[in-house]
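I have opened a fresh notebook page for this protein. Here is what I looked up, entry by entry, for anyone meeting the model for the first time.

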Amino acid sequence: MMEWWQAILLGFVQGLTEFLPVSSSGHLMIFKELLGVDGEGFLDFTVTVHFATVLATLVVFWSVIWKLLKGFFQFKYNDETDYIFKILVSCIPVALVGFLLKDYVDAIFSGTLVQVGVGLCVTATLLLFSDFAGKRFKAPEAKDQRNGISYWQAFVVGLAQAVAVLPGISRSGSTIATGLVTGVRRESMAQFSFLMVLIPIIGEQLLDLLKMFTGTEAFGEGVGAVALALGFSAAFLSGLFACKVMIALVKKAKLGWFALYCLLVALAIFILA
């Protein structure tokens, strides 16, 4: 059973790393091993703390989300409807992974730190390539690039998000890097990257809650209700802070610095694991 202090620490790790391109899931795996946390129910804990950072995103982006919802419920194809449809398109790949490969993903989250190290190397490669590509060439502006992103760009970014379910591959890093390579501006991609995760994470949490209430699966078994609540609270509070600070940093900072960090952490894993 997870200890209360382990849940709090892991929650803070999730909140502080969710909005940086360094893989929050990878860091959760690293700290899980460092703290000696049992693997039973850890995926449920991961979903819970991810849901907490989603709520933090809702709070920080509330004015943007409210504007999108008001425009969408005018029931006409305006900028807000266009943006929401593109978010839905970006969710298609990760939805397919969730429905078809959930058991496989669950098994991966019970894997070794070496897998996390490989994932961090993949993240670093994507980040370095996006910086290099941005200097060497500028992708042609896509047709129907309304709201700064087209439908095909949204789908390709969604593919990157689907791959990022693997520990060590950063969701924000892979989506932002992929968007930049396809021609989306950094400012537009940063916001889209943080908003596109809302639907899949909320959907995952609702499905798990449904399983818990229907008795088909015991949610959080091996973790405990207290640990889930403490982890959720820690992730939410640290996520509020990190989201406000880190979004501006991601928009302005060179992704190569985050790539260097990922490589150093991966190297430490390969040496010590």
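**Entry 1: cysteines.** I looked up Cys-91 and found that Cys-91 is buried, at a relative accessible area of 8%. Here buried means under 20% relative accessible area, exposed means over 50%, and partly exposed lies in between (1.4 Å probe, protein chains only). Cys-262 is buried too, with a relative accessibility of 0%. Then I searched for disulfides (pairs of cysteine sulfur atoms within 2.5 Å) and counted 0 in the structure. Cys-262 takes part in no disulfide, and the nearest cysteine sulfur, 8.9 Å away, belongs to Cys-121.

**Entry 2: what I am reading.** This is a predicted model, in which local features need pLDDT of at least 70 and side-chain atom pairs count only at pLDDT 80 or more, while totals for chains, interfaces and linings use all residues. Residues are numbered from 1 along each chain as its sequence is written, and side-chain values use heavy atoms, with hydrogens and water left out.

**Entry 3: the overall plan.** I find 13 helices and 0 strands in the protein; helices (H or I, at least four residues) and strands (E, at least two) are DSSP runs, numbered from the N terminus. Of the 273 residues, 52% are buried. I also checked contacts, meaning heavy atoms within 4.5 Å. Among contacts with a separation of 6 or more, 81% join residues 24 or more positions apart.

**Entry 4: α5 against α10.** How do I describe two packed helices? I use the angle between their axes and the distance between the axes. For α5 and α10, the axes come within 10 Å and cross at roughly 65°. Axes are lines fitted to C-alpha atoms, for helices over the stretch in contact, and angles run from 0 to 180 degrees between N-to-C directions. The crossing of α5 and α10 is right-handed; that is, the near helix is turned clockwise from the far one by less than a right angle, whereas anticlockwise would be left-handed. On the α5 side, Tyr-83, Lys-86, Ile-87, Ser-90 and Cys-91 make the contact, and Gln-191, Phe-192, Leu-195 and Met-196 do so from α10. Helix α10 (residues 186–196) is mostly covered, with 8 of its 11 residues buried. Phe-192, Leu-195 and Met-196 are among those buried residues.

**Entry 5: Asp-82.** I stayed with helix α5 (residues 79–100), where Asp-82 is found. Is Asp-82 buried or exposed? Asp-82 counts as buried because its relative accessibility is 0%. Leaving out residues up to four places away in sequence, Asp-82 touches Tyr-77, Arg-146, Asn-147 and Tyr-151.

**Entry 6: α2 against α3.** Helix α2 (residues 24–35) and helix α3 (residues 42–60) have axes that come within 11 Å and cross at roughly 135°. The two are therefore oblique to each other; under 35 degrees counts as roughly parallel, over 145 as roughly antiparallel, 65 to 115 as roughly perpendicular, and the rest as oblique. Ser-24, Leu-28, Met-29 and Lys-32 of α2 meet Phe-42, Thr-46, Val-49 and His-50 of α3.

**Entry 7: a loop residue.** Last, I looked up Leu-166, in the loop between α8 (151–163) and α9 (171–181). Leu-166 is partly exposed, with a relative accessible area of 30%. Its C-alpha atom is 8.7 Å from that of Gln-115, and the two residues are 51 residues apart along the chain.
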